[in-house]
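Q: Please take a close look at one part of this model, its largest pocket, and lead me through it slowly. I would also like to see how the strands and loops connected with that part are arranged.

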Amino acid sequence: MTTKGAITNFIEEYFLHFNAATVVDAAKAYETQLNQGSKMLVSLAGAMSTAEIGKIFAEMIRQDKVHIISCTGANLEEDIMNLVAHSHYKRIPNYRDLTPQQEWDLLEQGLNRVTDTCIPEEEAFRRLQQHIYKIWKDANDKGERYLPHEYMYKMLLSGVLEEYYEIDLKDSWMYAAAEKNLPIICPGWEDSTMGNIFASYVLKGELKANIMKSGIEYMTFLADWYTDNSTNGIGFFQIGGGIAGDFPICVVPMLYQDMERTDTPFWSYFCQISDSTTSYGSYSGAVPNEKITWGKLDINTPKFIIESDATIVAPLIFAYLLGM
């Protein structure tokens, strides 16, 4: 029996009620899923990569506690940006007090603000651009097509970024995922910085749009992956809301209802860390039971919603699962 670490002991001792208790319940149920041979999808919304979730999420990947990831294009690229430009980031603790002029000054300095953290234009965005363009162009010239994350994997594994590394490589979740060739779903990639840059090359006639596989191809890939891996169940751990969660969870009703594969199992676990207030018409703010009516979750699926800040809660749950 593995000895529990200080963080695990702390939350079991003191997280006893309300959202705190749900953190423990959700972590234990996640662990149960893994112990019974179920696989787990983790979705990353918001700016979790810029929040440096990779410092713990990369170890979750290495220890096979996550089997597929759904993330926004921003999370896909921002983990790599942090890897190559960390020392050039600027933290602004008093971000709530900034005037429009101060925000403009940051723009002129090439600092793109995400809450209290500014991402440097030249060292992050443009540094990736020069290398990813070459990989896109190579595929373009060969008539090859790949999914957005596959191009990122190619760039990471090629070693072209090594000279820029500014953090310990073990703290990059994208590098950990690339090493395992972990399946990634990245819906709506086009609205990310690299997606915008790719579109600009298409507009300039330098690249063909079809070298980038589409969201429909992500969905069909996910449909096949779900079918092949759901024998013992697949859980759904959702960090935040948005398309990173909305897109992949729909694969189950699509297979069951539209493909008429009525033997398709529902998601076997569901947990969402959300700061979206339960409200009228909001998907992110919907209680998990609503998903039963859409054919996503079963009546008996373990369901948890933790109404809190994901940058606080997700590392605690991951620490529990890692025995820290």
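A: What follows starts at the pocket and then moves outwards to strands, loops and a second kind of space.

The model is predicted, with local features needing pLDDT of at least 70 and side-chain atom pairs 80 or more, while totals for chains, interfaces and linings use all residues. Residues are numbered from 1 along each chain as its sequence is written, and side-chain values use heavy atoms, without hydrogens and water.

The largest pocket (an open set of points on a 1 Å grid, with protein on both sides within 12 Å along at least five of seven lines) holds about 670 Å³ of space, a volume being what probe spheres set on the joined points fill. Its lining (residues with an atom within 4 Å of a point) has 30 members, and those closest to the centre are Ala47, Ala51, Thr115, Asp309 and Thr311. Sorted by character, the lining has eleven nonpolar residues, 14 polar ones and five charged ones; here Ala, Val, Leu, Ile, Met, Phe, Trp, Tyr, Cys and Pro count as nonpolar, Asp, Glu, Lys and Arg as charged, and the others as polar. Two elements, the strand β8 (269–274) and the helix α14 (310–321), each supply at least two lining residues, and β8 gives the most, with three. (Helices of at least four residues and strands of at least two are DSSP runs.)

Where does β8 sit among the strands? It belongs to an open sheet of six strands in the order β6-β2-β1-β7-β8-β9, with parallel pairing (at least two DSSP bridges between two strands), so that β8 lies between β7 and β9 in this order. The edges are β6 (184–185) and β9 (303–307), and because each has a single partner strand, one side of each is left without a neighbour in the sheet. Elsewhere in this sheet, strand β1 (residues 39–44) runs parallel to strand β7 (residues 234–239) and is joined to it by six bridges, with Val42 standing opposite Phe237 in β7.

Thr115, one of the residues closest to the pocket centre, leads to another sheet, as it lies in the loop between β4 and β5. Most residues other than glycine have a negative phi. Thr115, however, has a positive phi of about 55 degrees, and it is partly exposed (between 20% and 50% relative accessible area, with a 1.4 Å probe), its value being 42%. The strands on either side of this loop belong to an open sheet of three strands, ordered β3-β5-β4 with antiparallel pairing. Here β3 (90–91) and β4 (111–114) form the edges, and each has a single partner strand, so one side of each has no neighbour in the sheet. Two bridges join β3 to the antiparallel strand β5 (residues 117–120), and Arg91 stands opposite Thr117 in β5.

A second positive phi, of about 60 degrees, occurs at Glu260, which is placed in the loop between α12 (251–258) and β8. Glu260 is exposed (over 50%), with a relative accessible area of 63%.

Finally, a search of the whole structure also finds one cavity of 30 Å³ or more, a cavity being a set of points where a 1.4 Å probe fits but cannot get out. The largest cavity holds about 30 Å³, and its lining, which includes Pro148, Trp189, Lys213 and Tyr218, divides into five nonpolar, three polar and two charged residues.
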